[in-house]
Amino acid sequence: MNLIRERALPMNRKEFLAGLASLVPGTMLIPGTALADVGDDAKYTANEITQAGADFFGITTEAMAKAVQHVFADLGEPDAYIKGDEGSGAFVVGLRYGSGYLVRKTRDPRMVYWRGPSVGFDVGGNASKCFTLCYNLREDRRLFQRFPGVEGSFYFVAGLGVNYQRSGGVTLAPIRTGVGFRAGANVHYQAYSDRRDWFPL
């Protein structure tokens, strides 16, 4: 009888993560891909976004679904979203400030802030909730930049205002309640950061 001896070889990080994932029921790992890499690319389905948005705004899933379907038809599935509150005021030239949480599937929510000027024929102020879908984010740091509005991208669907912002390969789709419609149509750009900054530009 021949006995075959196998020498245990040290595992690299990728092999270790793959073995660890195999111990968790329902976990699938793409061959040759680290677990952390899969998490960074994890996307949200339309149903997940509809439910999260409806709960956040306190509206029916049917109303939220109409706005979500519109955005998904244009941009597909997001890899993150931001939920928060904002306030704005305007007298022809206005300002907007907001704060909320960046939510991703495999990371803890992270506090983020945004601000930006608006230009338009508006007088007054308003406060609203904002639920922003994030596309091609990949890394949190890619959010912290200025995002100009995409011309002609404003929509008003089921009482929710939606517009697109794009910079550096990242696209954002803020969805606001009807009370935020006026100012939402006029934002020139928004700057996002990981700390509060009152300087509007």
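This passage describes three residues and one enclosed cavity in a predicted model.

Arg142 lies in the loop that runs between strand 2 (107-135) and strand 3 (146-148). Although Arg142 is buried, no salt bridge is formed by this residue, and the nearest side chain of opposite charge, that of Glu139, lies 6.3 Å away. Since a salt bridge requires a side-chain nitrogen of Lys or Arg within 4 Å of a carboxyl oxygen of Asp or Glu, the separation of 6.3 Å from Glu139 falls outside that limit. A polar partner is instead found in the backbone, where the side chain of Arg142 reaches the oxygen of Asn136 at 3.0 Å. When residues up to four places away in sequence are set aside, the surroundings of Arg142 comprise Asn136, Leu137, Phe147, Gly168, Gly169 and Val170, so that Asn136 appears both as a contact and as the residue whose backbone oxygen is reached by the arginine side chain.

Glu77 occupies the loop between helix 4 (61-75) and strand 1. With a relative accessible area of 37%, Glu77 is classed as partly exposed, because this value lies between the limits of 20% for buried and 50% for exposed residues. Beyond its neighbours within four places in sequence, Glu77 is in contact with Lys43, Tyr44, Thr45, Phe72 and Tyr135. One of these partners, Tyr135, is separated from Glu77 by 58 residues in sequence, yet the two C-alpha atoms are 7.6 Å apart in space.

Ser99 is located in strand 1 and has a relative accessibility of 19%, which places this serine among the buried residues because the class is limited to values under 20%. Apart from residues up to four places away in sequence, Ser99 touches Gly84, Asp85, Met111, Val112, Tyr113, Trp114 and Arg196.

Three of these contacts of Ser99, namely Tyr113, Trp114 and Arg196, also belong to the lining of the largest cavity. The count of cavities of 30 Å³ or more comes to 1, and the volume of the largest cavity is about 30 Å³. Its lining is made up of Tyr97, Gly98, Tyr113, Trp114, Arg115, Ser193, Arg195, Arg196 and Asp197. At least two lining residues are supplied by each of strand 1 (80-104) and strand 2, and strand 2 makes the greatest contribution, with 3 residues.

Notes. Residues are numbered from 1 along each chain as its sequence is written. This is a predicted model: local features need pLDDT of at least 70, side-chain atom pairs count only at pLDDT 80 or more; totals for chains, interfaces and linings use all residues. Side-chain values use heavy atoms; hydrogens and water are left out. Helices (H or I, at least four residues) and strands (E, at least two) are DSSP runs, numbered from the N terminus. Buried means under 20% relative accessible area, exposed over 50%, partly exposed in between (1.4 Å probe, protein chains only). Lys and Arg count as positive and Asp and Glu as negative; His and the chain ends are not counted. A polar contact is a pair of N or O atoms within 3.5 Å; within protein, one must be able to donate a hydrogen and the other to accept it, and residues adjacent in sequence count only if both atoms are side-chain atoms. Contact means heavy atoms within 4.5 Å. On a 1 Å grid over the protein atoms alone, a cavity is a set of points where a 1.4 Å probe fits but cannot get out, and a pocket is an open set with protein on both sides within 12 Å along at least five of seven lines; lining residues have an atom within 4 Å of a point. Grid points are joined across faces, edges and corners, and a volume is the space filled by probe spheres set on the points.
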